[in-house]
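Work through the three exercises below with the sequence and the structure in view. Each task is followed by its solution.

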2 protein chains.
Amino acid sequence: MSSEPDISVDNEETARRSIGARRNPASQEAILDAAEALLRENGIAGFSIEAVARRARAGKPTIYRWWPHRTALMLDVYKRFKNAKSFPDTGTLRGDLTSFLENHLLGFWQGSLCGTVYRAVVAEAQTDKDAAELLQAYQAERKLYSARIVERARARGEVPEDTDAELMIDLVVSYAWHHLLLGQVDAAMSRVPQVVDVILKGVPGYRG
Amino acid sequence: MSSEPDISVDNEETARRSIGARRNPASQEAILDAAEALLRENGIAGFSIEAVARRARAGKPTIYRWWPHRTALMLDVYKRFKNAKSFPDTGTLRGDLTSFLENHLLGFWQGSLCGTVYRAVVAEAQTDKDAAELLQAYQAERKLYSARIVERARARGEVPEDTDAELMIDLVVSYAWHHLLLGQVDAAMSRVPQVVDVILKGVPGYRG
DNA sequence: ATATATCGAAACGAGCCGTTTCGTTCAAGT
DNA sequence: ACTTGAACGAAACGGCTCGTTTCGATATAT
């Protein structure tokens with residue numbers, strides 16, 4: 001989401017040329033910038049290689065040369081700001097889960113900045129088999145990584161040793177996804193405390 | 001998913017004609033059949049009015065006459081088998097939630113029959129604004145209807161009066177959605193008991 | 001100096017878009 | 001009995017995007 005003016009792209013009247021027998025970083029950057037801008041404005045609708053090339057003042061073959069799928073390009077855009085944040089230890093499982101939802105998931109997507117891009121990726125994964133595999137692998141890796149939140153809680157003695165970390169993370173992520181895809185991130189954000197509470201303690205007063 | 005052979009469509013060599021100044025049910029049926037078949041085979045990929053018309057041996061104007069959007073056609077296909085099942089009372093909240101997940105959500109989508117169609121609808125909703133509104137309205141109505149599961153439990157005295165029914169249904173539906181969209185319905189199905197347990201009782205042994 | 005890989009421009013054939021025209025078929029209204 | 005009018009499918013429309021290919025210019029690497 002670099003919001004600085006793209007001096008190197010918009011202000012140069014001359015088109016970029018080849019810089020020899022190697023990848024031109026300026027072109028790659030311009031292409032990613034253009035793709036990001038398009039996704040931010042319209043989501044996946046109207047997102048085409050053609051449009052990206054036009055906006056980036058790049059040739060279509062240049063894009064096809066470096067990105068096999070439209071999805072690969074979108075995921076690259078997404079990863080640009082998903083700069084491997086870690087999870088600060090808030091000291092409690094409740095705090096960690098709340099922070100996870102509010103900072104890494106819903107909060108990260110909020111404001112239709114990155115959320116729009118991610119929605120586009122998910123939509124593409126419903127269409128394209130390669131995209132589905134990419135997304136599934138990405139998800140699995142993220143969830144595995146996120147599970148350390150629960151592991152920390154185990155170490156603290158907050159939860160038993162045999163706690164199903166995967167399941168907890170799964171429920172949290174599911175909740176976030178669902179509301180992202182329904183365009184209800186703001187509403188979901190306001191109910192984070194209740195969600196975390198139910199997952200930790202279940203329905204209050206339930207007689208099972 | 002009517003799997004009977006379409007005698008009236010595939011075996012007749014003669015094309016359907018107008019039956020006068022009214023909607024031709026045979027055409028509508030053939031169009032829905034064709035749309036369903038296409039969605040089942042490829043999902044939303046390659047799903048075009050053009051393709052539906054070809055497969056149904058119908059004219060494009062006929063389709064455009066009756067369905068404003070591609071999405072409307074897809075939702076009609078989906079609704080064909082979503083024949084307003086009610087929720088049989090299993091006697092317990094746990095049983096009802098389990099049945100909800102296993103029969104109405106995951107189980108209904110399983111086998112890539114209806115799930116594929118629904119995935120296509122969700123994907124379309126990430127692209128098209130009208131589709132998004134349609135889906136959101138549909139979701140809201142379904143959730144409201146499903147909340148009666150919790151209301152029954154309230155009446156039984158299983159849960160307190162002030163239980164947040166909406167939130168519980170939300171978590172259940174979120175879980176199902178997430179795994180549908182990741183193509184993991186089978187895996188999700190096998191963990192239904194644990195999911196219901198966490199939502200009802202929280203993490204066992206949690207010290208909050 | 002030569003080989004090699006990149007760049008962007010342009011044009012390609014193909015496919016789908018949504019619309020319009022057209023002749024046919026038949027129910028409803030007079 | 002006759003006319004009106006709507007729905008049907010076939011075909012063609014101009015317009016757009018697709019992914020690919022061709023091309024000449026460029027500059028590094030050998």
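A residue is buried if 20 or more other C-beta atoms lie within 10 Å of its own, and exposed if 12 or fewer do. The model used here is predicted.

**Exercise 1.** Describe helix α2 of chain B: which of its residues are buried, and what span does the helix reach?

Solution. Start with the span: α2(B) covers residues 25-42, and its 18 residues reach 26 Å from the first C-alpha to the last. At 1.5 Å a residue, 26 Å is also the expected value. Next, apply the burial cut-off: the buried residues are B:S27, B:A30, B:I31, B:D33, B:A34, B:A35, B:E36, B:L38 and B:L39. An α-helix has 3.6 residues a turn, so residues three or four places apart point the same way. Finally, look just past the helix, where B:G43 has a positive phi of about 65°.

**Exercise 2.** Find how chain A is related to chain B.

Solution. First superpose the chains: a turn of 179° with a shift of 0.1 Å along the axis lays chain A on chain B, with an RMSD of 0.3 Å. Such a relation is that of a two-fold axis. Then locate the axis: in chain A, the C-alpha of A:G202 is nearest to it, at 1.8 Å. Last, compare the contacts: 100% of the contact residues of chain A recur in chain B, so both copies use the same surface.

**Exercise 3.** State which residues surround DNA strand D.

Solution. Count first: 29 residues surround the strand, and A:G20, A:S48, A:E50, B:S18 and B:G59 are the closest. Then assign elements: α3 and α4 of chain A and α4 of chain B each give two or more residues. The largest share, four residues, belongs to α4(B). By class, nine residues are nonpolar, nine polar and 11 charged.

Note on methods. Residues numbered from 1 in each chain as written. Chains lettered and ligands numbered in written order. Predicted model: local features only at pLDDT ≥ 70, side-chain atom pairs only at ≥ 80, totals over all residues. Near = placed C-beta within 6 Å. Nonpolar A, V, L, I, M, F, W, Y, C, P; charged D, E, K, R; others polar. Least-squares fit on C-alpha atoms with pLDDT ≥ 70 in both. Contact = placed C-beta atoms within 7 Å. Expected span 1.5 Å × (residues − 1).
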